[in-house]
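Reader: I would like a close look at one part of this protein. Please pick one residue, start there, and work outwards.

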Amino acid sequence: MTERNQEWSAEEIEDIKEQILTALETVIDPELGIDIVNLGLIYEIDFAQNGDTVVKMTLTTMGCPLADVLTEQIHEALKEIPEVKNPEVKLVWYPAWTTDKMSRYARIALGIR
């Protein structure tokens with residue numbers, strides 16, 4: 001995007017969302033030692049034309065004490081992407097997280113079949 005009034009194309013938005021996912025792979029759950037993307041904690045990424053970005057995610061348990069730590073790490077990771085403005089993390093509880101949401105990599109790393 002070279003001009004302020006120019007809109008992102010659908011392809012550019014998808015590319016930015018991929019960059020966001022890649023950045024989120026650097027956020028490691030301190031208890032499990034696996035990144036939040038491979039754990040299946042990221043449910044949705046909304047990227048608006050003005051750069052406002054909302055990451056909808058869940059936690060492995062409702063009472064997880066790491067919500068603030070992970071949120072802070074997400075904000076830090078997203079600073080590396082210049083297109084992202086005003087990042088917001090929204091915790092969602094539906095659908096409930098289960099180990100089925102984990103990637104094959106995470107399942108192997110944690111010894112889950």
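Author: Start with isoleucine 42 in this predicted model. Leaving aside residues up to four places away in sequence, isoleucine 42 touches Leu21, Leu24, Ile36, Val37, Val55, Lys56 and Met57. Keep some of those names in mind.

Now widen the view to the largest nonpolar core, which has 30 residues. Ile20, Leu24, Ile36, Ile42, Met57, Ile74 and Leu78 touch the most other members. Isoleucine 42 is on that list. So are Leu24, Ile36 and Met57, and isoleucine 42 touches these three. Which elements give two or more residues to the core? They are helix H1 (10-24), strand S1 (42-47), strand S2 (52-57) and helix H2 (67-78). In soluble globular proteins, nonpolar side chains tend to be buried together.

Next, the sheet. It is open, with 3 strands in the order S1-S2-S3 and mixed pairing. S1 and strand S3 (85-91) are the edge strands, and each pairs on one side only. On average, neighbouring strands are turned by 15 degrees against each other, direction ignored.

Look at the pairing of S1 with S2. The sense is antiparallel, over 5 bridges. Take glutamate 44: its bridge partner in S2 is lysine 56. Lysine 56 is also one of the residues that isoleucine 42 touches.

Two helices pack on this sheet. H1 touches S1 and S2, and its direction makes about 135 degrees with that of S1. H2 touches S2 and S3, and its direction makes about 150 degrees with that of S3.

Now go to the other end of S1. How many aromatic pairs are there? The count comes to 1. Tryptophan 8 and phenylalanine 47 form the pair, and it is edge-to-face. The ring centres are 6.1 Å apart, with 65 degrees between the planes. The pair links distant parts of the chain. Tryptophan 8 lies in the segment before H1, phenylalanine 47 lies in strand S1, and 39 residues separate them. Are these two residues buried or exposed? Both tryptophan 8 and phenylalanine 47 are buried.

Last, the record. An unreviewed UniProt entry places the feature "domain: MIP18 family-like" at residues 17-90. Over residues 17-90, the chain is 27% helix and 24% strand. The end C-alpha atoms of that stretch are 16 Å apart.

Conventions:
Residues are numbered from 1 along each chain as its sequence is written. This is a predicted model: local features need pLDDT of at least 70, side-chain atom pairs count only at pLDDT 80 or more; totals for chains, interfaces and linings use all residues. Side-chain values use heavy atoms; hydrogens and water are left out. A nonpolar core is a set of buried Ala, Val, Leu, Ile, Met, Phe, Trp, Tyr and Cys residues joined through side-chain atoms within 4.5 Å. Buried means under 20% relative accessible area, exposed over 50%, partly exposed in between (1.4 Å probe, protein chains only). Helices (H or I, at least four residues) and strands (E, at least two) are DSSP runs, numbered from the N terminus. Contact means heavy atoms within 4.5 Å. Rings of Phe, Tyr and Trp (its six-membered ring) pair if their centres lie within 6.5 Å; planes under 30 degrees apart count as stacked, over 60 as edge-to-face and the rest as tilted. Two strands pair if DSSP finds at least two bridges between them. Axes are lines fitted to C-alpha atoms, for helices over the stretch in contact, and angles run from 0 to 180 degrees between N-to-C directions. UniProt positions are given in the numbering used here, feature names are shortened, and annotations may be inferred rather than shown by experiment.
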